[in-house]
Amino acid sequence: MSTFLMRILLALLVLAFTVSQQLEAESEQWCIADEQTPDDELQAALDWACSKGGADCSKMQQQNQPCFLPNTIRDHASVAFNSYYQTYKHKGGSCYFKGAAMITELDPSHGSCHYEYKP
């Protein structure tokens, strides 16, 4: 194979790898509380997610945990909703929570609170 063809092949491989990584990064999704949902509805969905739903809510249940602050129902619900969604999205779980949640492609992590993402 000529040097010219090798260079073209190499350039195409690099391009394909780059596009593949960009597409993967663009498809990252997190589940967060919808800002328009009233607190009482968020609380009910949060309670379900942390009990029957099987979400890992340990990151925000105590003051010394990384996602405790800000200490709001909306922020805590977002942590719980995302935990549930990331754990169960490939098993039929959704980011619905009776309309209390929504998908975002912007990583909601802040400070020491890291929102999990599972491809």
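Helix H2 has 12 residues, and at 1.5 Å a residue they should span 16 Å; the end C-alpha atoms of H2 sit 16 Å apart, so the expected and actual spans agree. Keep in mind that this is a predicted model. The notes below look at which residues of H2 are buried, how H2 meets H3, and one residue of H3.

**The buried side of H2**
- Leu42, Ala45, Leu46 and Ala49 are the buried residues of H2.
- These residues take up an arc of only 105° around the axis, which means they lie on the same side of H2.
- That fits the usual helix geometry: with 3.6 residues a turn, residues three or four places apart in an α-helix point the same way.
- The cover over the buried residues of H2 includes strand E1 (30-33) and H3.

**How H2 packs against H3**
- The axes of H2 (residues 39-50) and H3 (residues 73-88) come within 9 Å and cross at roughly 35°.
- The crossing of H2 and H3 is left-handed.
- From H2, the contact draws on Asp39, Leu42, Gln43, Ala45, Leu46, Trp48, Ala49 and Cys50.
- From H3, the partners are Ile73, Arg74, His76, Ala77, Ala80, Phe81 and Tyr84.
- Sorted by class, this H2–H3 contact has 11 nonpolar, two polar and two charged residues.

**Ser83 in H3**
- Ser83 is found in helix H3.
- Is Ser83 buried or exposed? Its relative accessibility is 8%, and the cut-off for buried is under 20%, so Ser83 counts as buried.
- Leaving aside residues up to four places away in sequence, Ser83 touches Ala55 and Asp56.

Key: Residues numbered from 1 in each chain as written. Predicted model: local features only at pLDDT ≥ 70, side-chain atom pairs only at ≥ 80, totals over all residues. Heavy atoms only, no water. Axes fitted to C-alpha atoms, helices over the stretch in contact; angles between N-to-C directions. Helix = DSSP H or I, 4+ residues; strand = E, 2+ residues; numbered from the N terminus. Left-handed = near helix turned anticlockwise from the far one by under 90°. Contact = heavy atoms within 4.5 Å. Nonpolar A, V, L, I, M, F, W, Y, C, P; charged D, E, K, R; others polar. Expected span 1.5 Å × (residues − 1). Buried < 20%, exposed > 50% of the residue type's maximum accessible area, 1.4 Å probe, protein only. Arc of directions from axis to C-beta.
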